[in-house]
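Hi everyone, thanks for making the time. I'd like to walk you through one model today, so have a look at it on the screen and then we'll go round it piece by piece.

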Amino acid sequence: MKSGRALAVLVGGVFFLAVMSLYRMLDLMQGAEPQLRGEWSAGQFDQDLSRLRNKIDRLERLLVSNNRMVAMLRDSLHIHKQGGANKSAGSSHFQKESLPGCRLAQQKDSPASVQLLDVYDLLPFDNPDGGAWKQGFQISYQGNEWAEQPLELFLVPHSHNDPGWLKTFDGYYRDQTRHILDNMLLKLGEDSRRKMVWAEISYFSKWWNEIDEQKRAMVKRLVEAGQLEMVTGGWVMADEANSHYFALLDQLMEGHQWLQTHLGVKPSTGWAIDPFGHSPSMTYLLKGAGLRNMVIQRIHYAVKKHFASEKTLEFLWRQSWDSSHSSDITCHMMPFYSYDVPHTCGPNPAVCCQFDFYRLPGGRISCPWRIPPQPITERNVKERAHLLLDQYRQKSRLFRTPVLLVPLGDDFRYVESSEWDAQFNNYQKLFDYFDQHPELHIKARFGTLSDYFSALHRHLGAADSSLPTLSGDFFTYADRDDHYWSGYYTSRPFYKRLDRALETTLRATEILFSLTLAEMRRSHGDLVAGFPAREHFQRLVEGRRSLGLFQHHDGITGTGRDPVVVDYGTRLFHAILNLRQVQQSSAHWLLLLDKNQYQHDPSKPFLQTDDVIPAQDALPQKTPLVLSDEPRTLVVYNPTEQRRSSVVSVVVSSPDARVVDSETAQPMPVQISAVWVEPHQASSEAFQLSFIAELPPLSLTVYHVTKAPAGSTPRSSYVIHRHGNPPSVAAQHFQVSRLEAAEAAAQLTLSNKQLQLWSSAETGLLQMLRLSSGLVRRVQVKFLWYGTTTNRDKSGAYLFLPGQGGAQPYTSEPPLVRVSKGPIFSDITSCFKHVTHRVRLYHLEGHSGKSLEISNTVDIRAEVNRELVMRLESDVASGNRFHTDLNGFQMQERRTLEKLPLQANFYPMSSSSFLQDSLSRLTLLSAQSQAVASLHSGELEVVLDRRLQQDDNRGLGQGVTDNKLTGSLYHLLLEDRKAPQDVGGSSTDHLSLLAHLDSLSLCHPPITMFAQSNSQLPKLRPFLPLHSPLPCDIHLLNLRTLEREQEAGAPSQEVALLLHRKGFECSSAPEPPPQCTWSVHEEVNLDDLLSPLQFRSIRRSGLTLLRDHDEPARQPPPRLAKLRPMEIAAFRAVLD
Ligand SMILES: [Zn+2]
């Protein structure tokens, strides 16, 4: 009785809270009312009316989202029932100034002691000559520093095996890698004191497949004995600048799953010695995967020097947004220029090189400092040992403990057995000498990274001291002088875009495949006999591995030789084709009303994708759909977890067409546009049919397309213009007009309910934007060229060396400008010689109509040493600050610094960057990775393509001249900022909720398939797996079917459910409000998440789903999971 009343009071209280929050939300949105800022404001009366209308609209939408609110209420109730775990659900998050829920993401705690942004402000970047350690300083010691605690040295043998660079993956494997691994087995077996670390699982797994059981058993023994350590355990040593966190995590999972299955080990230490700069997104994933320590190497030489002088080369790397510190990871930064032997034993490369016994006289390589190594003999051992000890001691002075890490290796080392003998035998003699001379106070041995870090932590623990904390990232890398590695942020942009096409295809296929298997088991109790689940699963694995391989730091970076690039491209291309087969056959089965009619015939697929990619280096082409009076079946798959209004475009054979929803027979709004074969010539056989599709989350929706009576379909109308040289236009089915002389002087304009834009009539390029709130911003699009310097060292695949003059304006013949207007979208296309640039506005309700779509098709194949950039010049008063994303996972503040050369101020952008002032934010969302900079206040520029005739002396040995016709796609989003915020100080800003949703739409477009045959199609019904979208801030990163443990290559019942809760910022409320709602507390309700799908079992695990990291199984499965803003959570689940 008593508890019943308490519950009633609780329910009442929670209900009251929820009603209050509804009111509060409404209140907040009124607070965001537009203020008059622009000259284009309509009359006061009109404005009041439209405000009123807007408010009513909003109220309606709030009512629509009521269902979700009730779900939230249920959540709160569960939480209260579970002992009030969630105090945050209460009023504290309904702060007056902020959006509910966002404050959690913004919360800042005690800041890390070192902020990299502040280090950049502090450093002079003057690059003085440091003597023997050129980029450092003289290191001194007394000699008695190690009397109490001897120097404890771990010499870590390693071989850096690039999965593709000068040779292809298979080429390196055949010529080097397999011999290295064969010899490892032999040579580590000879002496239990010998050790080795290995990082690249792509190579290791290939070798494993070729060796017999006896050798496999030997590998396991070496691993168990601690002689061989698998470090990082990713498929590759991934690039950290251009890669997206989906692919970073996926390749890590692929490697870790392989290690678990075949070796039964889990890596504890990260090893990233060659990626060109380092990102905290990677450290987040490593920590989440259970790693505790990591080593990094390629860091700006001035930063290294500063850290060395402060003794902060070892630190706890902290996520700048994380107040819990649970993502901290111990990081060791190598102090010197390189990871090779001359730069790892100590500060003097001329001395250290003498201890690379692979360079003994008579060998293949020698020491460039001209003092060769000597074999260690009884005669010279004393002198040699003291020489080496001096380097060790100097290096040790840069660290806080007497434990010292010295790597021993280089690229593709230890190929021949003689090299093993030379290194291990000579070093063993030195170590023995140290052992015989305790007065030297050094204990030296071969070690793994784990050996080193456990000694380090033992010393730290004993001294009761801790490492300093650091937050930020290590871009942009410079290895010497003004040689900044910002070129590779754009090099080979065609393949950077293809990478993301595979990524979105892989994710979409993984989810659809997992849902298909779950649906089969639910309805049939098991997998359906005719469905090729095993073959499809292998296609998925191949897709994962192809994407994984390309994340290598010479893959997605665009820094491989031409034939290697073709090899990668072919793998990506085949992966996409194979995954499409999985999609089509899964969709086929899911859509059939009568599943008995399912037949798998690879030669005659039931569904086909509506475009064709003709080759690995070609852009996709839409296949024209031949229309008749008989309906053609079109299937649209929405791979996002959100309900969305999307414009779907297909190419059809008729200028008149009708699209109906197959379930409701409702006609969809359509628009027919021309397919332009030349800038001024429209095809007379092919037409673009666009319609607005309302797509539930993760659904497959079926439409019927038929030919319509002539003249019945709304068509785009065109205005075509070229300054000084009016074109002759061929477009028989469309209304085409020319600009009159007076109009040609004025601006072009397009608008929808939310947004108006103005463009130059002469170039078609954007000039100004106005929001319905009244906010007006000048945003001018320009194209510019960078050349390369006249100095000896010029731009290449890695380096950007543009020289003194900076960018020059792009000049060309006046472009042909084509303005198209229609009921579904309108756009302005500018056809320049080197770029076709299009700005499109969708006439959509809700947030889909809030941003501009920008697309570029670039062709610079005829140029010499040139880079093309697109620059946005705005009046957003951003000063020298802007933000870029890191791997699509988080935002990082940037400061453009005049003390640095121009090329140092370019940063990687994989998905977004923004400029802001107190009233507005301008966000550029991107569907591919490119270099970005903000060289002046209000500016944002992206490098579209680069063509460079020469090598930049980093080993590649060639320029970048294999340019392609390359596409790039963006959304440009202007937003009001409600709360003027202090722009000073480093801050952890996030994208707005709207930008997150917009980015999701941009990066995961709907997938269109059509049925092959027209006649006697079996009955299809849409597939609607979810009742409601996921909360706005929860991203379904993946639903990835795991391999069966008992049967290699077969899918298991278990899936990896990966959720990412986005952090979003508070200063702008989404306007109009999105259809999804977001949770204000830290828990996610797993019962509701994929409802009506339920989990038979679900338990949280580490990010790479290693069994050791699984939480204990609970019956019944837990209903709630804690998921803080920014956090990624992984669950091992079985769908019911
Ligand atoms: Zn490498």
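Let's start with Glu678, which is partly exposed, at a relative accessible area of 41%. For the terms: buried is under 20% relative accessible area, exposed is over 50%, and partly exposed is in between, with a 1.4 Å probe and protein chains only. Glu678 belongs to strand β20, residues 670-678. Helices and strands here are DSSP runs numbered from the N terminus, with at least four residues of H or I for a helix and at least two of E for a strand. From Glu678 to Ala730 it is 52 residues in sequence, and 9.5 Å in space from C-alpha to C-alpha.

A word on where this comes from: it is a predicted model, where local features need pLDDT of at least 70 and side-chain atom pairs count only at pLDDT 80 or more, while totals for chains, interfaces and linings use all residues. Residues are numbered from 1 along each chain as its sequence is written, and side-chain values use heavy atoms, with hydrogens and water left out.

Back to β20, then. It sits in an open sheet of three strands, ordered β18-β21-β20, with antiparallel pairing. Strands count as paired if DSSP finds at least two bridges between them. The edges are β18 (644-652) and β20, each with a single partner strand, so one side of each has no neighbour in the sheet. On average, neighbouring strands of this sheet are turned by 30° against each other, direction ignored. Those angles use axes, lines fitted to C-alpha atoms, for helices over the stretch in contact, and run from 0 to 180 degrees between N-to-C directions. Between β20 and β21 (residues 681-695) there are seven bridges, and the two run antiparallel. If you want a pair to click on, Gln671 is opposite Ser690 in β21.

Next, the sheet of five strands. What is the order of its strands? It goes β14-β43-β17-β22-β19, open and with antiparallel pairing. At the edges are β14 (607-609) and β19 (657-661), each with a single partner strand, so one side of each is left free of a neighbour in the sheet. Working inwards, β17 (residues 632-637) and β43 (residues 1007-1011) run antiparallel and are joined by four bridges, and Leu634 faces Phe1010 in β43. On to β22: its antiparallel pairing with β17 covers six bridges, with Arg632 opposite Val705 in β22. β19 and β22 are joined by five bridges, again antiparallel, and here Asp661 stands opposite Tyr703. Six of the eight residues of β22 are buried, so the rest of the structure largely encloses this strand.

Now rotate a little, please. Helix α18 (residues 562-591) lies across β14, β17, β22 (700-707) and β43, at about 140° to β14.

Another helix to find is α16, residues 493-524: its 32 residues reach 46 Å from first C-alpha to last, close to the 46 Å expected at 1.5 Å a residue. That expected span is 1.5 Å times one less than the number of residues. Of the 32 residues of α16, 27 are buried, so the helix is largely enclosed by the rest of the structure. Right after α16 comes Gly525, with a positive phi near 80°.

And now the metal. Which residues coordinate the zinc ion? They are His160 (NE2), Asp162 (OD), Asp274 (OD) and His553 (NE2), at 2.0 to 2.1 Å. Donors are N, O and S atoms within 2.8 Å of the metal (3.2 Å for Na, K and Ca), and water is not among the atoms, so sites may look incomplete. The angles between the four donor atoms are 90 to 164°, which makes the arrangement irregular. Along the chain, the donor spacing reads H-x1-D-x111-D-x278-H. Asp162, in the loop between β2 (151-160) and α6 (169-190), and Asp274, in the loop between β5 (269-272) and α10 (280-288), link distant parts of the chain, 112 residues apart. Both Asp162 and Asp274 are buried.

To finish, the overall numbers. The protein chain has 21 helices and 49 strands, and 63% of its 1136 residues count as buried. Thanks, and do shout if you'd like to go back to any of these views.

Technical notes
Four donors count as tetrahedral if all angles lie between 85 and 135 degrees; four count as square planar and six as octahedral if opposite donors are over 155 degrees apart and all others between 65 and 115; anything else is irregular. Contact means heavy atoms within 4.5 Å.
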